[in-house]
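Notebook open, coffee poured. I wanted to walk through this model one feature at a time and jot down what I looked up.

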Amino acid sequence: MVTGATTRISTDSAGLQGNNGSTTSVLSPDGTKILFVSRADNLVPGDTNFASDVFIKDLLTGALQRVSTDSAGLQGGNGSDLPRFSPDGTKITFTSLANNLAPNDSNFNSDVFVKDLTT
């Protein structure tokens, strides 16, 4: 807001543009990170689920991470959306149709997930 500069953040860690659309961005409480949803499959290695994923980008370093994954970092089997930061910025919530992000998810419906960014 001070300089009026506009920066595209829906890119990979090297600044290369995604090969599909991105939406739903949310700035972290401290202003250093941003969550966004993208259908691009070239933002991180191994993105083969052909679905929307939630990403977090560090605005200071440019580092990008897919966060709509299970605890071991494995991608969801279906799309994820609607990311939000916790007030202290240590956790995020998102919705997903994936049934492989947490144990015993067999309802084949959209569920709400919380992910701890420190663990």
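**Entry 1: ground rules.** Before the hairpins, I noted that two strands pair if DSSP finds at least two bridges between them. I also reminded myself that this is a predicted model.

**Entry 2: the β5 and β6 hairpin.** I began with β5 and β6, which form a hairpin with five residues between them. In the turn, Gly89 has a positive phi of about 75 degrees. The two strands run antiparallel and are joined by four bridges. I looked up one pairing in particular: Phe85 has Ile92 in β6 as its bridge partner.

**Entry 3: the β1 and β2 hairpin.** Next I turned to β1 and β2, which also form a hairpin with five residues between them. Here the turn holds Gly31, with a positive phi of about 80 degrees. Four bridges connect strand β1 (residues 22-27) to β2, and the strands run antiparallel. Val26 has Leu35 in β2 as its bridge partner.

**Entry 4: following β2 onward.** From β2 I moved on to β3; six bridges join these two, again in an antiparallel arrangement. Leu35 stands opposite Ile56 in β3. How many residues of β2 are buried? I found five of the six, so β2 is largely enclosed by the rest of the structure.

**Entry 5: the core.** A general point to keep in mind: in soluble globular proteins, nonpolar side chains tend to be buried together. In this model, the largest nonpolar core has 12 residues. Among them are Val26, Leu35, Phe85 and Ile92, which I had already met as bridge partners: Val26 with Leu35, and Phe85 with Ile92. Ile56, Val67, Phe94 and Phe113 are also included. Which elements give two or more residues to this core? They are β2 (33-38), β3 (53-58) and β6 (91-96). I also noted a second, separate core of eight residues, which includes Ile9, Ile34, Phe36 and Val44.

**Entry 6: the surroundings of Ile56.** I listed the contacts of Ile56, leaving aside its neighbours within four places in sequence. On the β2 side, Ile56 is in contact with Lys33, Ile34 and Leu35. The list also includes Ala63, Leu64, Gln65, Val67, Phe85 and Leu117. Of these, Ile34 belongs to the second core.

**Entry 7: the largest pocket.** I then asked how much space lies in the largest pocket. The value is about 420 Å³. Its lining has 22 residues, and the closest to the pocket centre are Val67, Thr69, Lys115, Asp116 and Leu117. By type, the lining divides into 10 nonpolar, five polar and seven charged residues. Strands β3, β4 (64-66) and β7 (111-116) each supply at least two of the lining residues. The largest share, four residues, comes from β7.

**Entry 8: β7 itself.** Given that share, I took a second look at β7. Its covered face has Asp111, Phe113 and Lys115, while Val112, Val114 and Asp116 make up the uncovered one. β7 is joined to β6 by six bridges, and the two run antiparallel. In β7, Val112 is the bridge partner of Thr95.

**Entry 9: positive phi outside glycine.** I checked for this backbone feature and wrote down two residues. Leu82 has phi near 55 degrees and lies in strand β5 (residues 80-85). Is Leu82 buried or exposed? It counts as partly exposed, because its relative accessibility is 42% and that class falls between 20% and 50%. Asn104 has a positive phi of about 65 degrees and is found in the loop between β6 and β7. Asn104 is exposed, with a relative accessible area of 78%.

**Entry 10: Thr7 and Ser22.** Last, I looked at two residues towards the start of the numbering. Thr7 is found in the segment before β1 and counts as exposed at 62% relative accessibility. Its C-alpha atom is separated by 31 Å from that of Leu97, 90 residues apart along the chain. Ser22 lies in strand β1 and is partly exposed, with a relative accessible area of 31%. The C-alpha atoms of Ser22 and Ile9 are separated by 9.7 Å, with the two residues 13 apart along the chain. Not counting residues up to four places away in sequence, Ser22 touches Ser10, Phe36, Val37 and Ser38.

Methods: Residues are numbered from 1 along each chain as its sequence is written. This is a predicted model: local features need pLDDT of at least 70, side-chain atom pairs count only at pLDDT 80 or more; totals for chains, interfaces and linings use all residues. Side-chain values use heavy atoms; hydrogens and water are left out. A nonpolar core is a set of buried Ala, Val, Leu, Ile, Met, Phe, Trp, Tyr and Cys residues joined through side-chain atoms within 4.5 Å. Buried means under 20% relative accessible area, exposed over 50%, partly exposed in between (1.4 Å probe, protein chains only). Contact means heavy atoms within 4.5 Å. On a 1 Å grid over the protein atoms alone, a cavity is a set of points where a 1.4 Å probe fits but cannot get out, and a pocket is an open set with protein on both sides within 12 Å along at least five of seven lines; lining residues have an atom within 4 Å of a point. Grid points are joined across faces, edges and corners, and a volume is the space filled by probe spheres set on the points. Ala, Val, Leu, Ile, Met, Phe, Trp, Tyr, Cys and Pro count as nonpolar, Asp, Glu, Lys and Arg as charged, and the others, Gly among them, as polar.
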